[in-house]
Amino acid sequence: MSVLAASNLGRIRTIGRLLLFGRRKGSGRIAAASLALSLAGGASATQIAEPLRMQSTCLSVSPFRAIPALTRLNDTLGPEGWRDQVILALRRSRTDSAWFFRKAGDCPDSMATIDVFQMAGDVEATAQGQVMRVRLEWRHAPGQTEFFLPVRNPEAFSAELVSQQILVVAEQMLAMVEVTSSPTGASVRWDGAAGSRTGISPMVLLAPPGALSLELSHLGKSRRVDTLVSVGGYYAVHADFRLSRIDPVVELEAPKPTWPLWALTLTSLLGGVWAAREQVVAQRAYDRLGADAGAGEFDSRWDNLRTANTLRNGFFSATVVFGLGTAWMEWSNARKN
């Protein structure tokens with residue numbers, strides 16, 4: 001199953017409650033379009049094989065300063081009271097999850113945190129009635145996400161409704177990482193501010209943007225993956241624990257023999273040494289000729305000297321040629337293997 005199919009289905013469970021009024025500031029990306037694409041891409045999925053897990057994340061909720069500006073709403077709670085009621089509703093909906101819901105300023109510094117806040121003027125009038133803006137932003141990542149909650153029926157406006165929409169948008173701000181292994185059943189561990197958490201592959205992990213470290217282990221072998229994930233991104237991590245083997249079809253090319261060239265090189269060198277010795281002997285014989293020597297003797301000894309000199313130069317030249325050829329063949333064999 002692809003990451004997209006798995007993550008789409010994981011989000012379909014909550015997207016149905018999200019009104020398509022959201023957008024992410026800074027990038028110009030319309031949240032409604034991404035949600036519609038997620039619904040369309042995952043419409044054919046009916047089940048999800050990989051269990052969803054989540055890295056520890058804190059929602060830091062500020063007072064809802066815009067709620068008192070809503071008309072025809074009997075507000076007896078005030079901004080701080082609405083915040084407390086929303087936090088309670090969030091905790092009731094996710095009692096056993098990795099979400100932590102705190103008042104603004106109470107989230108641990110080491111934990112990935114989404115700030116939820118409002119401005120006093122975050123209420124707008126539209127043709128369909130009033131809408132209330134809610135803003136969300138990762139504390140450690142730039143870019144603000146916001147959505148508009150219609151208030152067509154003030155009597156039905158509740159902290160549970162606000163908490164549902166906040167949680168849906170917050171889940172869209174997490175990256176989804178599909179973790180698989182060969183064979184399946186590997187233990188997966190990741191770290192968070194609340195300590196190490198574990199799962200079993202295959203699984204889908206929801207993670208805050210930023211650095212992500214996963215450690216997969218199976219039968220005493222372990223693989224570690226360190227990567228960076230972005231807001232709302234989709235990623236796939238796979239670890240292969242199968243034993244590697246050599247394919248018997250692949251055959252290594254046998255090295256070409258170099259001993260003939262080595263033999264020729266050595267023979268040429270020995271011939272050059274012998275010819276050099278003969279050249280020295282011929283040179284001395286020619287130098288010992290006196291003034292009383294005949295012309296025939298001069299010609300004979302000169303021919304011996306010239307022949308020995310030619311042989312010496314020829315043998316040494318052959319030694320150089322055969323030596324270079326031998327060196328090239330040895331280098332070629334070493335490179336192939």
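Is Arg139 buried, partly exposed or exposed? Arg139 is partly exposed, with a relative accessible area of 43%. The views below come from a predicted model.

**View 1. A salt bridge ties Arg139 to Asp115.** The side chains meet at 2.7 Å, N to O. Arg139 lies in the loop between E8 and E9. Asp115 sits in strand E6. The two residues are 24 residues apart, so the pair links distant parts of the chain.

**View 2. Strands E12, E11, E14 and E15 form an open sheet in that order.** The pairing is antiparallel. Strand E12 (197–200) and strand E15 (221–229) stand at the edges. Each has a single partner strand, so one side of each is left without a neighbour in the sheet. Neighbouring strands are turned by 25° against each other on average, direction ignored.

**View 3. Strand E11 (residues 187–190) pairs with strand E14 (residues 210–218).** Four bridges join these antiparallel strands. Trp190 has Leu214 in E14 as its bridge partner. A salt bridge also connects the side chains of Glu215 and Arg189 (2.7 Å, N to O). Glu215 belongs to E14 and Arg189 to E11, 26 residues apart. Glu215 is partly exposed at 27% relative accessibility. Arg189 is partly exposed too, at 28%.

**View 4. A second view of an open sheet shows the order E3-E13-E10-E16.** Here the pairing is mixed. Strand E3 (52–54) and strand E16 (234–240) are the edge strands. Each has a single partner strand, so one side of each lacks a neighbour in the sheet. Strand E10 (residues 175–182) runs parallel to E16, with seven bridges between them. Met176 stands opposite Tyr234 in E16.

**View 5. The largest nonpolar core holds 40 residues.** Leu59, Trp99, Met132, Leu136, Phe157 and Ile166 touch the most other members. Contributors of at least two residues each include strand E4 (57–61), helix H3 (78–93) and strand E8 (129–138). H4 gives the largest share, six residues. Contacts of Leu59 include Leu90, Trp99, Ile114, Val116 and Ile166, not counting residues up to four places away in sequence. Another core, of 16 residues, lies apart from it; among its members are Ala175, Val177, Leu214 and Phe241.

**View 6. Arg83 and Asp84 form a salt bridge.** Their closest N and O atoms are 3.1 Å apart. Arg83 is buried, with a relative accessible area of 12%. Asp84 is partly exposed, at 28%. The structure holds 16 salt bridges.

Conventions. Residues numbered from 1 in each chain as written. Predicted model: local features only at pLDDT ≥ 70, side-chain atom pairs only at ≥ 80, totals over all residues. Heavy atoms only, no water. Pairing = 2+ DSSP bridges. Axes fitted to C-alpha atoms, helices over the stretch in contact; angles between N-to-C directions. Core = buried A, V, L, I, M, F, W, Y, C linked by side-chain atoms within 4.5 Å. Buried < 20%, exposed > 50% of the residue type's maximum accessible area, 1.4 Å probe, protein only. Contact = heavy atoms within 4.5 Å. Salt bridge = Lys/Arg side-chain N within 4 Å of Asp/Glu carboxyl O.
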